[in-house]
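Welcome! Let us take a friendly walk through a protein chain, stopping at a few places where there is something to learn.

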Amino acid sequence: MLYAWLFWVLAKWNKGSLSRGERLDYIDPVHCMRQKLPILPIEEYPSNDTLSIHISGIFFAWHRHFIWLREKALREECGYNGYQPYWIRALSADDLFASPLIDGSDTSLSGDGDRPDDYESTITLLPTNVTIPNGKGGGCVINGPFANTTLHLPDLDAAPGDVFPENAFVYTPRCLTRNLNSFMSRYLASQKDVNRLLSSPNITTLQRNIDVSVWPTLNEAGIMGPHAAAHMQLGRAMDYFWTAPQEPTFMLHHAMVDRVWILWQEKDLKNRQYALNGTSTILNVPTTPEVDLDTELAWGPLSMTKMLQDLMSNKANHFCYKYGN
Ligand SMILES: [Cu+2]
């Protein structure tokens, strides 16, 4: 029975790759899912996994299964009949506003945010203190299908390496914000940056190149890799380290991260399919052992426990999918 819905070809959402109907078919189930009551006990959210699944040896595998679970839920709980779209960010790296995914049209996932009263023309990136031009928005999203969306998980903007925030359980509903930053996309998340990922000679370098620059030293771009940059280029809601999946674009971004992992693996499957590096804690603090193929990932009520080896091939175990070109 499982295999009836396992062979999904993921589709992209850029330069007109999904039809108008396919885009609209995705938007309604996303709204539906947002209205579902949580199934996690309230004391267990936001997920304590945040400090395990980033800048660690389980980043790629954890996010793959997470996206898969979400796509399954869209289908089983919200009547979605399509595939999980992915976002080839590099196609709109020069001008984020031109991306049909975030142009504010009725077939997009909404556009830029309003300009807030405390708008500033530059922003400073941590931890390198590089100052770059700000986007044009930063306030509430007021156009497109996700206009006036309320985010329910709190504003947890702690930087990687921080401990679980004290205000994690304070209910502070607020609007979905966006701040499209084409400077960031142009210089940190372009095809050049993707090419750097794909030419990484080993998993250690791939991990370092895709992410923030503290893994464990500056990456080859010198500031941050396209995974982190693609979060930041959409503004704070997408950049909330603890709660970014609330952003409607999150799943499409991480489907693209997953696609890059596959493209990199397929260049040398024999050596890369099951290549691992790192531990199961962010920046290995506190110190934990190196992960291996038998390392278990627990999912609470969302899924059976999985071993890393179950999650490293897109064509094995419960996965059977590929990305369209
Ligand atoms: Cu991410």
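Our first stop is Ile-55, which sits in the loop between helix H2 (50-53) and H3. Keep in mind throughout that this is a predicted model. The backbone angle phi of Ile-55 is positive, at about 45 degrees, although Ile-55 is not a glycine. Most residues other than glycine have a negative phi. Is Ile-55 buried or exposed? With a relative accessibility of 4%, Ile-55 counts as buried, because buried means under 20%.

A second positive phi turns up at Leu-283, where the value is near 55 degrees, again in a residue other than glycine. Leu-283 belongs to the loop between H10 and S6. Its relative accessible area is 31%, so Leu-283 is partly exposed.

That loop between H10 and S6 also contains Pro-286. Here the peptide bond that joins Val-285 and Pro-286 is cis, with omega at about -5 degrees. In general, most peptide bonds are trans.

Asp-294 is another resident of the loop between H10 and strand S6 (296-297). Along the sequence, Asp-294 and Gln-309 are 15 residues apart, while in space their C-alpha atoms are 6.5 Å apart. Leaving out neighbours within four places in sequence, Asp-294 is in contact with Met-307 and Gln-309.

**The chain as a whole**

Now let us step back. The chain has 325 residues, and 52% of them are buried. Its secondary structure comes to 10 helices and eight strands. How much of the contact joins residues at least 24 apart? Among contacts between residues at least 6 apart in sequence, the share is 70%.

**Two helices that cross**

Helix H1 (residues 20-34) and helix H3 (residues 59-78) make a good pair to look at. Their axes come within 10 Å and cross at roughly 90 degrees. H1 and H3 are therefore roughly perpendicular to each other. On the H1 side, the residues that meet H3 are Tyr-26, Pro-29, Val-30, Cys-32 and Met-33. Their partners in H3 are Arg-70, Ala-73, Leu-74, Glu-77 and Cys-78. Sorted by class, this contact has eight nonpolar residues, two charged ones and no polar ones.

Leu-74, in helix H3, deserves a closer look. Its relative accessible area is 0%, so Leu-74 is buried. Not counting residues up to four places away in sequence, Leu-74 touches Tyr-26, Pro-29, Val-30 and Met-33, along with Gly-79, Tyr-80 and Gln-84. Gln-84 is 10 residues from Leu-74 along the chain, and their C-alpha atoms are separated by 9.2 Å.

**Charged pairs**

How many salt bridges does the structure hold? There are eight, and the table shows some of them.

| Positive residue | Negative residue | Closest N to O distance |
|---|---|---|
| Arg-20 | Asp-106 | 2.6 Å |
| Lys-72 | Glu-76 | 3.6 Å |
| Arg-178 | Glu-247 | 2.5 Å |

Arg-20 and Asp-106 link distant parts of the chain, 86 residues apart: Arg-20 is in helix H1, and Asp-106 is in the loop between H3 and strand S2 (122-125). Asp-106 counts as partly exposed, at 42% relative accessibility.

Lys-72 and Glu-76 are four residues apart in helix H3, which means that about one helical turn separates them. Lys-72 is partly exposed, with a relative accessible area of 22%.

Glu-247 and Arg-178 form a salt bridge too, and this pair also links distant parts of the chain, 69 residues apart. Glu-247 is in the loop between helix H8 (236-239) and helix H9 (250-266), and Arg-178 is in the loop between strand S5 (174-175) and helix H4 (182-188). Both Glu-247 and Arg-178 are buried.

**A buried arginine without a partner**

Our last stop is Arg-272, found in helix H10 (residues 269-272). Arg-272 is buried yet has no salt bridge. Why does Asp-268, the nearest side chain of opposite charge, not make one? Asp-268 is 4.5 Å away, and a salt bridge needs the nitrogen and the carboxyl oxygen to be within 4 Å, so the pair does not count. Setting aside neighbours within four places in sequence, Arg-272 is in contact with Leu-198, Ser-200, Pro-201, Trp-264, Gln-265 and Lys-267.

Terms used. Residues are numbered from 1 along each chain as its sequence is written. This is a predicted model: local features need pLDDT of at least 70, side-chain atom pairs count only at pLDDT 80 or more; totals for chains, interfaces and linings use all residues. Side-chain values use heavy atoms; hydrogens and water are left out. Helices (H or I, at least four residues) and strands (E, at least two) are DSSP runs, numbered from the N terminus. Buried means under 20% relative accessible area, exposed over 50%, partly exposed in between (1.4 Å probe, protein chains only). Lys and Arg count as positive and Asp and Glu as negative; His and the chain ends are not counted. Contact means heavy atoms within 4.5 Å. Axes are lines fitted to C-alpha atoms, for helices over the stretch in contact, and angles run from 0 to 180 degrees between N-to-C directions. Angles under 35 degrees count as roughly parallel, over 145 as roughly antiparallel, 65 to 115 as roughly perpendicular and the rest as oblique. Ala, Val, Leu, Ile, Met, Phe, Trp, Tyr, Cys and Pro count as nonpolar, Asp, Glu, Lys and Arg as charged, and the others, Gly among them, as polar.
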